[in-house]
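Open the model in your viewer and show the side chains as sticks. This tour walks from one charged pair to the next.

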Amino acid sequence: YSHSDCFISIYNFLVQMHITLQALENCLQEQARLRAQVRLLETRVKQQQVKITRLLHEKEIQFLDKGEENTVIDLGGRRQYADCSEIFNDGYKRSGFYKIKPLQSPTVFSVYCDMSDGGGWTVIQRRSDGSENFNRGWNDYENGFGNFVRNNGEYWLGNKNLHLLTTQGDYTLKIDLADFEKNSRYAQYKLFKVGDEKNSYELNIGEYSGTAGDSLGRNLHPEVQWWGSHQRMKFSTRDRDNDNYEGNCAEEDQSGWWFNRCHSANLNGLYYTGSYTAKTDNGIVWHSWHGWWYSLKAVVMKIRPNDFIPNTV
C-alpha cells in the first residue's frame with residue numbers, strides 16, 4: 001500500500017466530506033428558507049384575520065350563523081326605512097327580516113320586524129333556545145351579533161344601532177317574557193333611549209306599565225334602587241367595566257348589560273332551563289317576576305315610536 005494510494009484515499013475522503021458538508025449546508029439553508037416562508041405566511045394569515053375582524057366591525061356585518069332559513073324580505077329598494085314602524089305603515093304586514101337605515105346611520109342593516117302585537121316593532125334582542133353565546137366583549141355588543149336569518153334566532157342588534165334608532169325620536173320599549181311553564185308576561189317602558197359611545201351607551205327609561213313588574217327599576221324601593229336600578233346605567237362588558245360595583249358584574253354574570261351593583265334584570269345572562277344554582281345570579285333574570293334564581297325560556301326586546309298609529313287602510 002504505497003504513499004500515493006494513501007494520499008488518494010485521504011483526498012477522496014476529503015472530497016466526499018466536502019460534498020457531504022455542502023449538501024448539509026444546502027439542506028440547512030433550504031430549511032431556513034422554508035422556515036422564513038412559513039413565518040411570512042403565518043404573519044400574512046394573522047394580518048388577514050385582523051383585517052377580517054376589523055371589516056366585520058366596521059361594516060357592521062351581522063354574522064349569519066345558521067342556514068338561510070329565512071332571507072331578508074326585499075322591498076325593491078323603493079325607499080329607505082328608518083325602522084319597522086315605517087315599513088308597517090307602508091303596507092308590509094308580514095313579520096320577518098327587513099333592511100332598515102336609521103336617519104344618522106352610515107349603513108343599512110338587517111333587523112327582525114314584529115308585525116303582530118299592533119305591528120311596527122323593531123326587535124333589538126331575542127333569546128329563544130340558548131344557541132347563541134351572549135358572554136361577549138365590548139366590540140361584539142357595540143356592533144351586534146347573532147343569528148339574523150332564522151325567525152326565532154337569538155341576537156343583539158348592537159349598542160351603536162340602538163343609539164342610532166332611539167336618537168331619531170321617542171321610542172317605547174316592550175319586553176315579552178316567557179317561562180318554562182308556558183306562562184308569559186310583559187314589561188313596557190314609555191321611553192327607551194340609549195346614549196352614544198362617549199356616554200358608554202347609557203340606558204334611559206320612562207314610565208313602566210305591564211304584567212311582569214318593573215325590573216329595570218325606575219321606581220324601585222329606595223333601598224333596592226341604589227344597587228338594583230338600571231336607570232341611567234352605562235353599558236358594561238367583561239372587558240369594559242362601567243358598573244357601580246367594586247367587582248366586575250359583567251364578568252361575574254357572564255353577559256353584557258346596563259349593570260349597577262349588579263342587577264334586578266339581566267336578559268343577556270346564561271341560558272338555563274328554569275330554576276338554577278350558580279355562584280352568581282347569572283341566568284336570564286327578570287327579578288320582579290321569577291326572582292334571581294330562575295332563568296327565563298324566551299325574551300324579546302322590541303321598540304316602536306311612542307306616537308305610532310297603525311295605518312290600517
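Select Lys 174. At 10% relative accessibility, Lys 174 counts as buried (buried is under 20% relative accessible area, exposed over 50%, partly exposed in between, with a 1.4 Å probe and protein chains only). This is a predicted model, in which local features need pLDDT of at least 70, side-chain atom pairs count only at pLDDT 80 or more, and totals for chains, interfaces and linings use all residues. Residues are numbered from 1 along each chain as its sequence is written, and side-chain values use heavy atoms, with hydrogens and water left out.

Now add Asp 117. Its side chain meets that of Lys 174 in a salt bridge, 2.8 Å from N to O (a side-chain nitrogen of Lys or Arg within 4 Å of a carboxyl oxygen of Asp or Glu). The pair links distant parts of the chain, 57 residues apart: Asp 117 sits in the loop between strand 2 (109-114) and strand 3 (121-127), Lys 174 in strand 6 (171-178). Helices (H or I, at least four residues) and strands (E, at least two) are DSSP runs, numbered from the N terminus. Asp 117 is partly exposed, at 36%.

Widen the selection. Asp 114, Asp 117, Lys 174, Asp 176 and Lys 302 are linked in a network of salt bridges.

Next, pick Arg 150 and Asp 129. Their closest N and O atoms are 3.4 Å apart, in a salt bridge. Arg 150 is buried at 14%; Asp 129 is partly exposed at 34%.

Last stop: Arg 79 and Asp 90. They form a salt bridge of 3.8 Å, N to O. Arg 79 is partly exposed at 41%, and Asp 90 is partly exposed at 30%.

How many salt bridges are there by this rule? The count is 15.
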